[in-house]
Amino acid sequence: MAGTWWHSDAVTHVLTALFAMGSWISVNCLWVELPLVVNVLPEEWNLPAYLTVLIAFGNLGPIAVTITHHCAPGRLNERLVIHVIQVLAVVASAFLAIFWSHTVIVAGEKRSLPFLLFTFVLSLVCCTSNVTFLPFMFRYPSQYIRTFFIGQGFSALFPCIVALAQGVGKVECKTLNGTDHAEYLPENFPVQNFFWFLFIMLSVSALCFLALIQRQTVSQQGDTPQNDSATAVAKENGEETHPFHNGGSPLSEDQVKVEEQPPVQTFWTSRNIYLLVLLGVANALTNGVLPSVQTFTCLPYGAMTYHLSAVLGNIANPLACFVAMFLLLRSSTGLAVMSLVGGIFAAYIMALAALSPCPPLLENNAGAVLVVTSWIAFTGLFSYLKVVIGTLLHEVGHAALLWYGISIQIGSLMGAITMFPLVSVYHVFSRSQECVDNCKMSLLTHLLACLFGMGSWVSINGLWVELPLIVPQIPEGWYLPSYLSVLIQMANVGPLFVTLMHRFRPGVLSETAVVYVILGLGTTASFLLAFFWRETVVVAGVPRSIALLVLTFFLSAVDCTSSVTFLPFMARLEPEYLTTYYIGEGVSGLLPALVALIQGVGVVRCVNGTQAMNRTLNGSHGAMTYDLQAQYQPANFSVDVFFFFLSAMMLVCLVAFLLLNYHPAAARERTKDRYTNGVQQKGSAAHKQKKWAEQNPMIGPYGGSDAKPASSFGTGAYSWTQVLYIFVILAWANALTNVVLPSVQSYSCLPYGNNAYHLSATMAAVSNPLACFIAMFFPIRSLLMMGALTVIGSGVGAYIMAMAVQSPCPLLVHETSGGVLIVLAWIVFVLTLSYVKVIIGLILRDEGHSALVWCGAVVQLGSLLGAVTMFPLVSVFSYFSSGDPCNTKCP
């Protein structure tokens, strides 16, 4: 009776689950115990970064196993490898419990060498388990594979529950001298006891593996022909069987070796590749990407939300595996849909991390419920997906399970490589602080900053997009773009005057007054344009659109001067609002383009046209040729209405500026620096305690308040060489994005068709605010990254310029891929260089008010140099040839 009980299926399931539990329990225990460990070890919160690197190095184990399987198939004793790594894990966990807090002097500094060494050993064991434990399970029927995954879920759940019982991360808010601060409560039992728990769990896993081996040996000795009859009965009843499963008994080692070398069928089918790719993506998300941001997504909603998401998410893992034991989805489409749904939850979680410490619904219980539900759904869906893929690959063969483990490691490694620099190097995500109001930013102030930035260049952008409707109705015709370029450059007298005043008479010019004047002038000029843009005056016997040209000059002066007044004004607000301002500046190009699209500007219809050829003297006709001709469609509303829209936009900008000055919500967002007419007061606290802009050693060499200034520019955080480098890139980026490439956009796009032109114009306009929006959450201020993005953007810009030079017959002119490439090129070009401009703006904002004045001046200088270069090429020498959107003829 006892023997029957011992060899029952239930015992096999229990042993399998406990065996699987030992796969990743070591690394999971290390992660959950970090809040206590970092308080003792000298590495402090740099320890998670070291742990990530050590886990990545742990992939040496699976690499060695994989190479051995490939170069010497059948020679590796899988059972022996599992015994070795289990013994290694048990010994390492015991030593970890004893020596985890010991330190060693390395290069004159204390280092937790024992902790790091034993962590590497445990990481090596966990990584190697992916390519040994699962292939070993091929000896068992597929239902045990699902049990194995339940055990893997327990490897995350058990440490989490024990850590909760230990009291990891319990915080109490206390008030001291009128200030709230977080006080971490002592744990219920020490760290070494937790590591002894790990030792016990690993020992249980190793003993369960020994029991499985012993039962397998007995099962092989006791096999009888009854098994064949049992298999026949199972087939008759429609139960799942497999020719390699040998009924319900595990396979022998010889049978596995035979299976490792299938005679005919190849493993690398499209379905298997699809499953492995899906598996790699799932593990990248579940093992690398999302766990690295869990604290950022949950802690803003409170410690209870964080613990609930961790515990319930870990419960969802084995629960999903349990569901897979009874309900297995085999459809490739179904798996894709499940991945997509899980990806939506992952995207929401990632968005919360990016918005930390101020995610949405922070003051509402619905926010906490949503984030916990998202973690449960994300973990459950992808855990179920991994179990299904494991079951399907188990049916393929032993080698398939080996590649299953390899895919898990590759996916996890790619996720770690992606997130490590973002989290640990560039500190893209901001962690919520306990007992502190982390959300000081005002949504209203963000909106006002965006609307204020929108007024910077909306007038001139509106004029450019409206040109196809204006030029047929004025005497200047298509010479108007040339006049417009000249007027914009003449309008640089505005920023030149402001810059000289700041340089030679600082404090005399009232910045706020200048902004009021130019916004009032812009609103009035746009309004007057709606009435007088058609009016002409005879000059030297020739009718001229004097009203249009004069009002255009005023609008140009407004927009050019905004570069050296709007940006310095934004220095009065917190740095976060500068990025929002840049989003508004991007919208100043997007909004007129969208309205022009609705208006129907430049909509072309290709109609058939005929030409008579070889007409004879007696009136007889020769050959007839048929040609497509471009016929421009009438606009949906007039130019007058469009100018009224521009006037309304300038008025909105003026109102936003008023509110930024006087609304209480905006007043609370002012920096502690006090400015009078653009000059920082010497007695301000900010002046007494300057903060370096770059506190990351990867970005700038100076990070402390006691460091010697690198230059006299701004706060002195950058040397003059770095300052010159920043301004050269700023001028170059603005020359390309504001003048050089836009002046040849029609030449680069129209040969590919009218749709390609409109798509590139619209998507480029969308890319500008999108880049600013990305910079709001990922403000990577590395000068090296800035240079790399500039090179990429310039390279793509060179491709666009090459297509413009080859117009009307650029590369792939008659291919769909040509149009796709040119649209993508415009998107990437604007996206990269717009991001660079925002990052430079953020860097210079930290350098002070005058740095932003120079920022605006350099923006205008770059645009001026671009215009001086392109104007003669386009308008004087007619270097470029335009393509016909309907009838491009190329050899």
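Buried means under 20% relative accessible area, exposed over 50%, and partly exposed in between, computed with a 1.4 Å probe on protein chains only. The exercises below concern a predicted model, in which local features need pLDDT of at least 70 and side-chain atom pairs count only at pLDDT 80 or more, whereas totals for chains, interfaces and linings use all residues. Residues are numbered from 1 along each chain as its sequence is written, and side-chain values use heavy atoms, with hydrogens and water left out.

**Exercise 1. The chain as a whole**

Describe the composition of the protein chain and the confidence of its prediction.

Solution. Begin with the secondary structure: the protein chain holds 36 helices and ten strands, where helices (H or I, at least four residues) and strands (E, at least two) are DSSP runs numbered from the N terminus. Of the 891 residues, 51% are buried. Next take the contacts, a contact being heavy atoms within 4.5 Å: among those with a separation of 6 or more, 81% are between residues 24 or more positions apart. Finally consider pLDDT, the predictor's confidence in each residue, from 0 to 100. The mean pLDDT of the chain is 78, and 80% of the residues reach 70 or more. Among the elements, helix α7 (residues 78-99) has the highest mean, 93, and helix α30 (residues 685-688) the lowest, 38. Over residues 256-264 the pLDDT is below 50, and this stretch has 14 contacts in the model beyond near neighbours in sequence.

**Exercise 2. S407 and the packing of α14 with α19**

Determine whether S407 is buried or exposed, and describe the helix pair to which its contacts belong.

Solution. S407 is placed in helix α19 (residues 398-425), and its relative accessibility of 9% makes it buried. Leaving aside neighbours within four places in sequence, S407 is in contact with L276, L279 and G280. Those three residues also appear on the α14 side of the helix contact, together with N283, A284, N287, G288 and V289. On the α19 side, the residues include W403, Y404, I408 and G411 as well as S407.

For the geometry, two packed helices are described by the angle between their axes and the distance between the axes. Axes are lines fitted to C-alpha atoms, for helices over the stretch in contact, and angles run from 0 to 180 degrees between N-to-C directions. Helix α14 (residues 270-289) and α19 pack at about 45°, with axes 7 Å apart, and the two are therefore oblique to each other. The classes of angle are under 35 degrees for roughly parallel, over 145 for roughly antiparallel, 65 to 115 for roughly perpendicular, and oblique for the rest. The crossing of α14 and α19 is right-handed; a crossing is right-handed if the near helix is turned clockwise from the far one by less than a right angle, and left-handed if anticlockwise.

**Exercise 3. The pair α3 and α10**

Work out how α3 and α10 are oriented, and which residues make their contact.

Solution. The axes of helix α3 (residues 25-32) and helix α10 (residues 142-166) come within 9 Å and cross at roughly 30°, and the helices are therefore roughly parallel to each other. From α3 the contact draws on I25, N28, C29 and V32, and from α10 on S155, A156, P159, C160 and A163. By class, these are seven nonpolar, two polar and no charged residues, where Ala, Val, Leu, Ile, Met, Phe, Trp, Tyr, Cys and Pro count as nonpolar, Asp, Glu, Lys and Arg as charged, and the others, Gly among them, as polar.

**Exercise 4. I800 and the loop after α34**

Locate I800 and its contacts, then identify the backbone features in the loop between α34 and α35.

Solution. I800 lies in helix α34 (residues 783-806) and is buried, with a relative accessible area of 0%. Its contacts beyond four places in sequence are L741, S748, I822, A825, W826 and F829; the C-alpha atoms of I800 and W826, 26 residues apart along the chain, are separated by 7.5 Å.

For the loop, recall that most residues other than glycine have a negative phi, and most peptide bonds are trans. P808 sits in the loop between α34 and α35 (816-846), and a cis peptide bond with omega of about 10° joins S807 to P808. L812 is found in the loop between α34 and α35, with a positive phi near 55°, and is partly exposed at 39% relative accessible area.
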